[in-house]
2 protein chains.
Amino acid sequence: METWITELTPLSFLHRSATVLPDKPAVVHGTSSWTFHELFDAVERRARALRAAGVRPGDRVAYLMPNVPEMLAAHFAVPLVEAVLVAVNTRLATDEVRWILEHCSATVLVVDAEYAPTVAPLAGLLPHLRTVVVATDPHGPEPTVDVPDSVWLDDFLAGADGDTAPLQWAIADERATIAINYTSGTTGRPKGVMYTHRGAYLNSLGQIQTSAHDADSVYLWTLPMFHCNGWCTAWALVAAGGTQVCLREVRGGPIWQLIDRHGVTHLNGAPTVVTTIMNAEQAHQLDRSLVVTTAGAPPSPTTILQMETMGFTIVHVYGLTETYGPYSVCQWKDEWQDLTPEERARMQSRQGVAMVVADRVRIVETNRSDDELVDVPADGTTMGEIVMRGNTVMKGYYDDPDSTAAAFTGGWFHSGDLGVQHPDGYVELRDRAKDVIVSGGENISTVEVEQAVLSHPAVLEAAVIGVPDEKWGERPKAFVVLRPEQQAGADDILAHVRGRIARYKSPREVELLAELPKTSTGKIQKFELREKEWASEGSRIRG
Amino acid sequence: METWITELTPLSFLHRSATVLPDKPAVVHGTSSWTFHELFDAVERRARALRAAGVRPGDRVAYLMPNVPEMLAAHFAVPLVEAVLVAVNTRLATDEVRWILEHCSATVLVVDAEYAPTVAPLAGLLPHLRTVVVATDPHGPEPTVDVPDSVWLDDFLAGADGDTAPLQWAIADERATIAINYTSGTTGRPKGVMYTHRGAYLNSLGQIQTSAHDADSVYLWTLPMFHCNGWCTAWALVAAGGTQVCLREVRGGPIWQLIDRHGVTHLNGAPTVVTTIMNAEQAHQLDRSLVVTTAGAPPSPTTILQMETMGFTIVHVYGLTETYGPYSVCQWKDEWQDLTPEERARMQSRQGVAMVVADRVRIVETNRSDDELVDVPADGTTMGEIVMRGNTVMKGYYDDPDSTAAAFTGGWFHSGDLGVQHPDGYVELRDRAKDVIVSGGENISTVEVEQAVLSHPAVLEAAVIGVPDEKWGERPKAFVVLRPEQQAGADDILAHVRGRIARYKSPREVELLAELPKTSTGKIQKFELREKEWASEGSRIRG
């Protein structure tokens with residue numbers, strides 16, 4: 001390695017901020033907080049304890065935790081001993097957690113006491129798992145279940161009390177894996193997405209630019225840290241020197257309380273988080289700008305308009321677990337200022353263009369017989385698959401070369417998402433590949449239909465799927481959750497939608513539900529809706 | 001190379017901005033401008049012309065140009081054909097330019113018509129130089145001299161008119177050299193500092209964070225583009241999507257005119273640029289913040305205070321040609337808000353801490369007999385040499401392995417600058433290594449003495465050197481330029497200084513000059529002052 005090269009790693013961010021801004025609050029949790037200096041010390045203590053517990057470079061260390069300081073510290077402590085952080089989705093059931101721990105052969109598991117019931121039944125079942133550490137949190141619930149053969153965090157940390165050997169805040173190879181994030185796929189077993197030090201470093205700098213972070217940022221943790229390492233924000237905020245405000249559960253009341261108490265300037269979240277914030281009793285006009293970076297599904301123009309009126313600035317991003325979270329951003333263009341609010345919001349609901357640290361976003365023809373990647377015309381109507389590439393795309397699925405090879409057919413990562421490219425180069429997601437409705441030979445984008453449904457003032461959430469139809473093969477059907485205190489009949493909604501989109505795209509049926517089925521990360525699980533509707537059919541595709 | 005790796009290069013910045021913000025002004029020059037799309041096209045046209053002229057990967061292409069759009073385009077066009085940009089200091093004499101062109105074996109030279117007199121005498125003298133291109137500028141002077149065997153830019157560009165082969169906006173190896181910048185050393189031949197694509201990419205992102213650039217930035221080119229590629233700002237502004245305003249000569253009138261006309265938000269410059277701006281007839285209170293990023297020598301607390309009162313925000317950075325321009329920044333700390341304005345300005349005059357993309361700044365013991373690098377105590381008083389390392393430090397001197405090895409003794413780049421590290425980790429430059437005054441066995445920092453002299457209200461500029469002294473070996477002497485319309489005697493100034501620093505540090509002599517000798521980049525050339533004072537001595541060091 002040449003003298004002038006330093007391997008890129010997010011570790012350098014904390015090393016720097018602890019030097020430059022030692023007394024500035026790095027993380028706040030309820031009534032307690034850590035300065036950058038204290039975070040640095042906490043990280044070193046944890047790194048030494050991991051090492052004392054036998055963790056070696058390349059080992060996987062799993063965490064099952066909500067958004068608490070302990071989880072943030074893990075984002076630096078685990079890489080500091082050159083190990084790999086596996087932040088597990090806290091909403092998974094015992095068997096799902098077991099599968100992940102087995103798949104990555106984690107040697108250490110650190111679990112928040114709230115999730116003791118999830119892991120207690122695993123005692124003795126995981127031969128690789130040598131150490132289970134239980135952490136209590138003064139702001140969390142009391143432990144209700146004992147985890148057999150576990151140690152308390154304090155005792156675990158005390159295990160390295162004599163160790164004063166210096167730690168290297170640097171790594172030997174920036175291509176080494178820093179984290180594995182398991183995707184919450186709707187079918188099949190989850191896949192372990194490998195992030196590198198290089199990718200995490202670059203995507204952190206990208207998030208700083210995209211969401212406009214600096215040392216004055218006060219970031220509220222409404223996005224799970226276990227989800228793509230919080231879109232790399234755990235690292236990015238430390239690089240910017242901003243403050244991270246922890247949050248154990250995403251409910252409207254606590255969110256608004258923290259926004260007001262700490263002067264929150266930024267938060268990230270799926271549209272479901274946005275809905276929670278907007279519909280909270282405590283929601284009120286802001287006296288300053290609060291940047292909400294949102295992704296997961298395109299926010300409807302209606303939602304965007306509503307939030308901007310309240311004082312939120314919306315940054316709409318797009319990505320997958322495989323792209324370290326956000327890869328593209330719907331970057332603002334000055335000429336949009338001249339559009340009507342409705343047109344402008346429609347522009348902002350697009351998935352946009354690659355972030356500065358990412359490669360291009362391409363939309364390529366699907367169903368080619370060869371592996372050639374051919375761009376569809378940038379006409380805003382021709383659908384294709386969204387493919388991505390580069391430093392902020394995973395290096396592969398852990399221990400799964402076949403899935404990795406399949407995902408990178410033709411040298412680009414295949415998202416499985418369908419979209420169009422507009423003449424200005426901005427891409428727009430039209431559907432998850434499996435959610436396309438083919439009706440009478442025409443493709444119908446369920447997203448487009450959903451946005452039409454969502455523009456009805458009484459509608460809170462909507463999901464559209466294809467259901468069997470004797471004549472057309474499939475036809476769209478809408479499932480709708482109404483806003484609290486609002487009333488609307490299926491006929492009102494249908495009439496509203498027909499005035500907005502082509503007749504063949506309009507659902508002929510609207511079903512009102514109390515809630516929509518969702519994954520643990522808040523994505524609507526259309527397959528559950530489809531399951532019911534297609535129960536009597538032999539196949540799920542008709543045409 | 002793994003699928004997921006994309007080699008880092010600033011080329012990606014323009015590729016992206018031309019896609020995302022095609023119609024936004026990228027560069028403004030007098031009454032003309034280029035959008036990002038037009039800049040992209042201009043760059044491709046120039047790249048094709050370079051290729052048609054036989055430029056091959058790795059070849060050196062030299063430019064002798066003021067801060068005009070052509071020079072900016074070169075920052076992308078030359079790397080686009082994988083060649084190496086050599087932006088030559090426009091204030092050099094013919095023989096100095098000849099030496100550089102010979103040393104780097106440039107095959108193509110592009111020269112602004114204003115500098116035709118510099119290069120005309122070189123005709124036939126440089127065997128490697130196959131093509132000399134002369135560019136005229138509607139906002140520059142008329143050509144007065146013909147350059148033998150040269151072609152006009154328009155004809156040069158027309159040479160590739162048939163070429164439509166696609167250009168690769170990507171590179172094969174991020175460690176390849178993107179530019180060579182010759183240092184304007186005060187003695188000896190200049191050395192060619194090699195920048196890489198990786199380093200330029202990362203330092204660009206660092207500049208964005210340090211000076212707070214975004215798509216609303218309007219950057220005025222008061223810093224020469226030939227100086228460290230304008231501290232990588234030519235690339236950084238394109239990454240941010242901001243607008244660059246060109247400027248052929250740094251004079252107060254045109255600067256203020258452009259600040260007001262274009263709503264300039266940022267500019268960079270040496271302290272001499274700052275002085276020019278502040279003392280211009282047209283200087284006036286700003287109605288918004290304008291970020292001035294300054295380096296080269298620490299601005300005096302007096303200057304910092306004065307500028308902030310007018311509406312400027314000062315970002316004080318430090319670096320050398322060998323560090324792509326700025327490597328450290330005096331990053332603001334919230335607790336400084338509670339200091340008196342004078343104390344606060346003193347804090348801000350320190351060179352600070354490494355930028356986020358840089359490694360640490362260290363201050364190490366000098367004059368050790370081994371090559372061991374040992375940090376001096378961080379006590380704010382023990383002097384040592386400033387050393388730096390990492391991605392934003394040069395990969396070496398071109399064709400000069402001995403100088404490279406010497407500069408990297410112990411694995412860190414030796415700046416030759418002396419400074420101290422304060423207990424808070426911030427470094428402060430105390431002197432260029434050669435400018436230390438040793439008086440009666442005590443080291444005296446000329447910078448400290450200069451700041452004391454500059455705090456006198458009538459003093460515009462000051463330089464302090466050591467002059468021979470029978471008793472003490474050396475003693476400090478000050479050379480002073482007074483502000484226009486101001487009067488002060490040497491005795492007034494001496495009395496003022498004695499009230500501020502230790503007696504042994506105070507000059508016993510002040511000489512008033514009409515102007516100070518300066519290098520072409522605005523650094524005060526103390527060696528010229530020293531030359532005169534030491535003429536009768538056999539050696540320049542007495543002790």
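This report walks through a predicted model with chains A and B, from the overall arrangement down to single residues.

## How the two chains relate

Let us start with the pair. A turn of 180° with a shift of 0.0 Å along the axis lays chain A on chain B, with an RMSD of 0.1 Å. The two copies are thus related as by a two-fold rotation axis. The same surface serves both copies, since 100% of the contact residues of chain A recur in chain B.

Within chain A, the assignment gives domain 1 (11-197), domain 2 (294-433) and domain 3 (436-533). Between the C-alpha centres of domain 1 of chain A and domain 3 of chain A there is a separation of 41 Å.

## A three-stranded sheet in chain A

Next comes an open sheet of 3 strands in chain A, ordered β24-β25-β26, with mixed pairing. Its edge strands are β24 (459-469) and β26 (510-512) of chain A, each of which pairs on one side only. On average, and with direction ignored, neighbouring strands of this sheet are turned by 25° against each other.

Strand β25 (residues 473-482) of chain A pairs with β26(A) in the parallel sense, over 3 bridges. If you would like a place to look, Val480(A) stands opposite Leu512(A) in β26(A).

Two helices accompany this sheet. Helix α16 (residues 490-498) of chain A lies across β24, β25 and β26 of chain A and runs at about 135° to β26(A). Helix α17 (residues 526-533) of chain A also lies across β24, β25 and β26 of chain A; its direction is at about 40° to β24(A).

## Strand β5 of chain B

Now over to chain B, where strand β5 (residues 108-112) is mostly covered, with 5 of its 5 residues buried. In a regular strand the side chains alternate between the two faces of the sheet. In β5(B) both faces are covered: Val108(B), Val110(B) and Asp112(B) are buried on one side, and Leu109(B) and Val111(B) are buried on the other.

Strand β5(B) has parallel partners in β3 and β6 of chain B. With strand β3 (residues 60-64) of chain B, β5(B) shares 4 bridges, and the two run parallel. Here Val61(B) has Val108(B) of β5(B) as its bridge partner. With strand β6 (residues 131-135) of chain B, β5(B) pairs in the parallel sense over 5 bridges. Val111(B) finds its bridge partner in Val134(B) of β6(B).

Ahead of this strand, Ser105(B) sits in the loop between α4 (94-103) and β5 of chain B. Although Ser105(B) is not a glycine, its phi is positive, at about 50°.

## Around the loop between α7 and β10 of chain B

The loop between α7 (197-211) and β10 (218-220) of chain B holds His213(B), and Ala212(B) is found in that loop too. Ala212(B) has a positive phi of about 60° although it is not a glycine. Is Ala212(B) buried or exposed? With a relative accessible area of 52%, Ala212(B) is exposed, whereas His213(B) is buried at 9%.

The side chain of His213(B) makes a polar contact of 3.0 Å with the side chain of Ser217(B). Leaving aside residues up to four places away in sequence, His213(B) touches Gln207(B), Ile208(B), Tyr219(B), Leu237(B), Ala240(B) and His266(B).

Strand β12 (residues 266-269) of chain B contains Leu267(B). What does Leu267(B) touch, not counting residues up to four places away in sequence? The contacts are Tyr219(B), Leu220(B), Thr222(B), Ile259(B), Ile277(B), Leu290(B), Val291(B), Val292(B) and Thr293(B). Tyr219(B) therefore touches both His213(B) and Leu267(B), and both of these residues are buried, His213(B) at 9% and Leu267(B) at 1% relative accessibility.

For a sense of scale, the C-alpha atoms of Leu267(B) and Arg503(B) are separated by 38 Å, with their positions 236 residues apart along the chain.

## Accessibility side by side

The table gathers the chain B residues discussed above.

| Residue | Relative accessible area | Class |
|---|---|---|
| Leu267(B) | 1% | buried |
| His213(B) | 9% | buried |
| Ser105(B) | 17% | buried |
| Ala212(B) | 52% | exposed |

Ser105(B), at 17%, counts as buried because its value falls under the 20% cut-off.

Terms used
Residues are numbered from 1 along each chain as its sequence is written. Chains are lettered from A and ligands numbered from 1 in the order in which they are written. This is a predicted model: local features need pLDDT of at least 70, side-chain atom pairs count only at pLDDT 80 or more; totals for chains, interfaces and linings use all residues. Side-chain values use heavy atoms; hydrogens and water are left out. Domain bounds come from an automatic or database domain assignment. Buried means under 20% relative accessible area, exposed over 50%, partly exposed in between (1.4 Å probe, protein chains only). A polar contact is a pair of N or O atoms within 3.5 Å; within protein, one must be able to donate a hydrogen and the other to accept it, and residues adjacent in sequence count only if both atoms are side-chain atoms. Contact means heavy atoms within 4.5 Å. Copies are superposed by least squares on the C-alpha atoms of residues with pLDDT of at least 70 in both. Two strands pair if DSSP finds at least two bridges between them. Axes are lines fitted to C-alpha atoms, for helices over the stretch in contact, and angles run from 0 to 180 degrees between N-to-C directions.
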